[in-house]
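Subject: Structure handover

Hello,

The structure is below, followed by notes on what was found in it. Please look it over when you have time.

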Amino acid sequence: MSSLLFGFILLLVLVGLYLWARRRASSIREQAAAREQAAKLVRERVAALDTKLPLILTGDFNAAGGTNAAYKILTAGGFFADTWMTAR
């Protein structure tokens, strides 16, 4: 067996996210709108990276997966994949 060195470098972009959920004076509707705006901004910023590297988005989304508008914004058109749903 030859002494070949096999190595790899895992290149990826890791993005941390916290979608703000509560503020004393805000209504549930305002909270949802803030999360939706944040999700749109994340999509814009990630798209601007224009990278072919894998990208992992992690965070506290303060929203139910699959039913929340912010979730739908992030996953629309396959932009991000929900790994929980993908693994099922």
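The protein has three helices and two strands, taken as DSSP runs numbered from the N terminus (helices H or I, at least four residues; strands E, at least two). Their order along the sequence is β-α-β-α-α.

This is a predicted model: local features need pLDDT of at least 70, side-chain atom pairs count only at pLDDT 80 or more, and totals for chains, interfaces and linings use all residues. Residues are numbered from 1 along each chain as its sequence is written, and side-chain values use heavy atoms, with hydrogens and water left out.

Of the 88 residues, 17% count as buried (under 20% relative accessible area; exposed is over 50%, partly exposed in between; 1.4 Å probe, protein chains only). For contacts (heavy atoms within 4.5 Å) between residues at least 6 apart in sequence, 70% join residues at least 24 apart.

Asp50 sits in the loop between helix 1 (28-49) and strand 2 (55-60). Its phi is near 45°, positive although Asp50 is not glycine. Asp50 counts as exposed because its relative accessibility is 66%.

The largest pocket (an open set of points on a 1 Å grid over the protein atoms alone where a 1.4 Å probe fits, with protein on both sides within 12 Å along at least five of seven lines; lining residues have an atom within 4 Å of a point) is lined by 16 residues. Leu57, Phe61, Ala81, Asp82 and Thr83 lie nearest its centre. Strand 2 and helix 2 (69-75) are the elements that give two or more residues to this lining, and helix 2 gives the most, with four.

Regards
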